[in-house]
Amino acid sequence: MQKSDIPKSHPRYHSLVIRDLLKEGVEAGITSLQGLTAHGRGEAFDYLLGEKTLYFAKRAVKAAASTLILAKYPVFSVNGNTAVLAARELIELSRLTLGKLEINLFHASKNRERKIYQYLTSFGATDVLLPDKTTLTEIDSNRRMISSFGQAKADVIFVPLEDGDRTEALRNMGKKVITIDLNPLSRTAKTATITIIDNIIRCMPLLVKEVRRQKNYSVKQLLKNINQYDNRKVLSESLYFISRRLILLGKR
Ligand code: PTJ
């Protein structure tokens, strides 16, 4: 993607650069038009969170890293937004955990699947899966189309930026799901095993760093991280944080 010409002095520089990235993603046929609206919803929640990686997100990152390292067959699901916002980190995570990248789109398009495939491979991805004839029977949307070598076989699936029913279906199949979602009220956020409530732009580099750090941990230590983690607590802490912050801001 091209460099943005937004002046660095602009108070909302980072946010505007991300918007430009997604706009270019749409122009390149990678991101769906609806992806822009989805990003807007994320931005609204990011505003409420103060655009920072908060303590509950850091805790989820730590548990997510342990879960990915202990996974037997991790799969990283990629859509049109995540490809543009975090291609390098997704590829690095799949490399570190010996996992697979799998393209899974809500707004069905063979053309977009091909463009995302080419985009990921242009960054050095070698193992990118596409949906085949396998389906998730519990859901009706295009997200039901999965790969028999990917989500169908996986024990841990990374599903960032998605508000839908796939996570529930995967959980019902006994799989662990890790998500990134700025909206703690989304269906995916509420049904995932681990929910990182943060902007994908901020937390993906942290997750890569944490996986690298924990690679030297013993299985006992990794299991301890996982067992100590409580996703319900993380969700409620995020909502508490947002409500407290709004009350405090309202008093100023
Ligand atoms: O490429 P496709 O066809 O698979 O479509 C991808 C989108 C993202 C358009 C599709 O999955 C969709 O419609 O998503 P939703 O249902 O709008 O859910 C996206 C979730 O991600 C929402 O809960 C947003 O709050 C959240 N979100 C958006 N941008 C970010 C984010 N969370 C973290 N970081 C972001 N940058």
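Me: Which residues come nearest to the ligand?
Reply: Of the 26 residues around the ligand, Arg-41, Gly-80, Phe-106, Arg-112 and Arg-143 come nearest. A residue counts as near if one of its heavy atoms lies within 4 Å of the molecule. This is a predicted model, in which local features need pLDDT of at least 70 and side-chain atom pairs count only at pLDDT 80 or more, while totals for chains, interfaces and linings use all residues. Residues are numbered from 1 along each chain as its sequence is written, and side-chain values use heavy atoms, with hydrogens and water left out.

Me: What makes the pair between Arg-41 and the ligand a polar contact?
Reply: A polar contact with the ligand is a pair of N or O atoms within 3.5 Å. A polar side-chain atom of Arg-41 lies 2.8 Å from an oxygen atom of the ligand, so the pair meets that cut-off.

Me: How much of the ligand's accessible area does the protein cover?
Reply: On its own the ligand has 740 Å² of accessible area, and the protein covers 96% of it. The area comes from the Shrake-Rupley method with a 1.4 Å probe.

Me: Which helix gives the most to the shell around the ligand?
Reply: That is α2, with five residues. Both α2 (33–49) and α4 (80–97) supply at least two residues each. Helices here are DSSP runs of H or I with at least four residues, numbered from the N terminus.

Me: Why is α4 called roughly parallel to α8?
Reply: α4 and α8 (residues 200–214) pack at an angle of about 10°, with their axes 10 Å apart. Angles run from 0 to 180 degrees between N-to-C directions, and the axes are lines fitted to C-alpha atoms over the stretch in contact. Angles under 35 degrees count as roughly parallel, so α4 is roughly parallel to α8.

Methods. Polar contact = N/O pair within 3.5 Å; in protein donor to acceptor, adjacent residues only side chain to side chain. Parallel < 35°, antiparallel > 145°, perpendicular 65-115°, else oblique.
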